[in-house]
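Visitor: I am new to this structure. Please take me through one part of it, the open sheet, strand by strand.

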Amino acid sequence: NTNSVSINETAGYSKEMFVFPNPFSTYATLQTSNILKNPRLTFYNLYGQSVKQITSLTIKFGNTISFNRDNLPNGTYFIQLIDDNQIISTNKLVITD
């Protein structure tokens, strides 16, 4: 039994998204070349299950946001940045202690 996760990309957005530091232990910063208006960040585990979603993000300089680890355990995640209901990008993220 094979489960797969697919990611839809939307035209008109740059696919560039940088997360630093990566790996991180407490908080990280995400930067994109897109001007963000109403961003949402979703964390997926390696099974493709949504494990955390952040909807109230503080936007800096129009294209940079910072976020906390909160209660996520150590591990590898995929994060997906959505703005105005359009997928901007998906990146791999590692959380360590």
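Guide: Two strands pair if DSSP finds at least two bridges between them. Strands themselves are DSSP runs (E, at least two residues), numbered from the N terminus. This is a predicted model, in which local features need pLDDT of at least 70, side-chain atom pairs count only at pLDDT 80 or more, and totals for chains, interfaces and linings use all residues. Residues are numbered from 1 along each chain as its sequence is written, and side-chain values use heavy atoms, with hydrogens and water left out.

Now the sheet. It is open and holds 4 strands, in the order 4-3-7-8, with antiparallel pairing. Strand 4 and strand 8 (86-95) stand at the edges. Each has a single partner strand, so one side of each lacks a neighbour in the sheet. On average, neighbouring strands here are turned by 20° against each other, direction ignored. For that angle, axes are lines fitted to C-alpha atoms, and angles run from 0 to 180 degrees between N-to-C directions.

Start at the strand 4 edge. Strand 3 (residues 39-44) and strand 4 (residues 50-54) run antiparallel, joined by 4 bridges. One partnership links phenylalanine 43 to lysine 52 in strand 4. These two strands form a hairpin, with 5 residues between them. In its turn, glycine 48 has a positive phi of about 80°.

Cross to the other edge. Strand 7 (residues 75-83) pairs with strand 8 over 9 bridges, again antiparallel. Here threonine 76 stands opposite valine 94 in strand 8. Strands of a sheet pair through backbone hydrogen bonds, either parallel or antiparallel.
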